[in-house]
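Let's take a walk through this one together. Have the sequence and the model side by side, and follow along.

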Amino acid sequence: MDGTRARRLLVASAWATVLVFVASVSLAVVGKPGYSLFYSYLSELGVENAGGIWFNYGAVLTGALLLLFFFSLFRLASNSFSKAGAVAGFAAALGLAGVGVFTQDVEPQHAVAAGLFFAAAAVAAVLNAVGSLLEGKASQAGAAIAFAFLSAGLLLTQLPLAQNLAVIAFCAWLLATA
């Protein structure tokens with residue numbers, strides 16, 4: 001795959017990842033009256049509601065699209081930090097797909113999958129930030145660092161709002177990187 005094709009795949013997979021995620025979460029929210037971004041975890045959308053199937057299949061599909069994003073990022077990486085970030089991203093993508101396979105009521109598998117997504121995505125973002133700084137791409141580095149801090153806050157606080165903000169920041173990072 002040449003650089004132009006990898007760049008196109010990077011952009012297309014970033015946008016597709018975000019759009020599929022937003023659509024699947026939106027459909028799941030419609031099926032779960034009383035859901036709140038402030039007080040509810042995203043994973044609650046995958047259990048005990050009419051829209052749960054949208055969230056779960058959406059998480060699996062979003063994880064697959066994320067694999068394409070990180071594959072493209074790996075192909076385009078020009079330094080070892082960016083390449084290592086892409087490899088960490090592969091783990092994050094598998095974790096996200098695992099969230100859809102192992103719903104919140106399937107423990108400890110769900111917690112492992114969700115933890116893998118957030119931890120590996122934060123590592124991917126930090127490594128990509130370092131790689132971006134080495135390449136002189138400060139805006140990409142800034143978005144990655146913002147996501148990493150939100151993920152660290154999530155791991156420390158375990159608040160639903162922190163999780164939701166981290167996911168929004170991750171989507172912003174994907175689009176900024178593309």
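Is Phe69 buried or exposed? With a relative accessibility of 0%, Phe69 counts as buried. Keep that residue in view for a while, and bear in mind that what you are looking at is a predicted model.

First, the overall layout. The protein has 6 helices and 0 strands, so reading from the N terminus you simply get α-α-α-α-α-α. Of its 178 residues, 48% are buried. If you take the contacts between residues at least 6 apart in sequence, 68% of them join residues at least 24 apart.

How far can you trust the picture? The average pLDDT is 87, and 88% of the residues score at least 70. Helix α3 (residues 80-101) has the highest confidence, at 96, while helix α5 (residues 138-157) has the lowest, with a mean of 64. Where pLDDT is low, the predicted coordinates should not be read in detail.

Now back to Phe69. Leave out its neighbours within four places in sequence, and Phe69 is in contact with Leu10, Ser13, Ala14, Trp173, Leu174 and Thr177. Trp173 deserves a look of its own, and this brings us to the aromatic rings. A pair of aromatic rings is described by the distance of the centres and the angle of the planes. The model has 7 aromatic pairs. One of them is Phe38 with Tyr39, a tilted pair at 6.4 Å centre to centre with 55° between the planes. Both Phe38 and Tyr39 are exposed. Phe69 and Trp173 make another pair: their ring centres are 6.1 Å apart and the planes sit at 75°, so this one is edge-to-face. Since Phe69 belongs to helix α2 (residues 52-76) and Trp173 to helix α6 (residues 160-177), the pair ties together parts that are 104 residues apart in sequence. Trp173, at 0% relative accessibility, counts as buried. Zoom out a little and you find one aromatic cluster made of Phe69, Phe70, Phe117, Phe118, Phe170 and Trp173.

What about the nonpolar core? In soluble globular proteins, nonpolar side chains tend to be buried together. Here the largest nonpolar core has 36 residues, and those with the most contacts inside it are Leu42, Leu66, Phe69, Phe70, Phe117, Phe170 and Leu174. Helices α1 (3-30), α2, α3, α4 (109-134) and α6 each put in at least two residues. The biggest contribution to this core comes from α4, with 8 residues.

Next, the loops. Asn79 sits in the loop between α2 and α3. Its relative accessible area is 15%, so Asn79 is buried. A polar atom of the Asn79 side chain lies 2.8 Å from the backbone nitrogen of Ser82, and the Asn79 side chain also reaches the backbone oxygen of Gly131, at 3.2 Å. Setting aside neighbours within four places in sequence, the contacts of Asn79 are Gly131, Leu134 and Glu135. While you are in this stretch of the sequence, look at Lys83, which lies over the face of Phe74 at 4.4 Å from the ring centre.

For a contrasting loop residue, try Ala50, found between α1 and α2. Ala50 counts as exposed because its relative accessibility is 70%. Measure across to Pro33 if you like: Ala50 and Pro33 are 17 residues apart in sequence, and their C-alpha atoms are 9.8 Å apart in space.

Methods. Residues are numbered from 1 along each chain as its sequence is written. This is a predicted model: local features need pLDDT of at least 70, side-chain atom pairs count only at pLDDT 80 or more; totals for chains, interfaces and linings use all residues. Side-chain values use heavy atoms; hydrogens and water are left out. Rings of Phe, Tyr and Trp (its six-membered ring) pair if their centres lie within 6.5 Å; planes under 30 degrees apart count as stacked, over 60 as edge-to-face and the rest as tilted. Buried means under 20% relative accessible area, exposed over 50%, partly exposed in between (1.4 Å probe, protein chains only). Helices (H or I, at least four residues) and strands (E, at least two) are DSSP runs, numbered from the N terminus. A charge sits over a ring if NZ of Lys or CZ of Arg is within 6 Å of the ring centre and within 35 degrees of the ring normal. pLDDT is the predictor's confidence in each residue, from 0 to 100. A nonpolar core is a set of buried Ala, Val, Leu, Ile, Met, Phe, Trp, Tyr and Cys residues joined through side-chain atoms within 4.5 Å. Contact means heavy atoms within 4.5 Å. A polar contact is a pair of N or O atoms within 3.5 Å; within protein, one must be able to donate a hydrogen and the other to accept it, and residues adjacent in sequence count only if both atoms are side-chain atoms.
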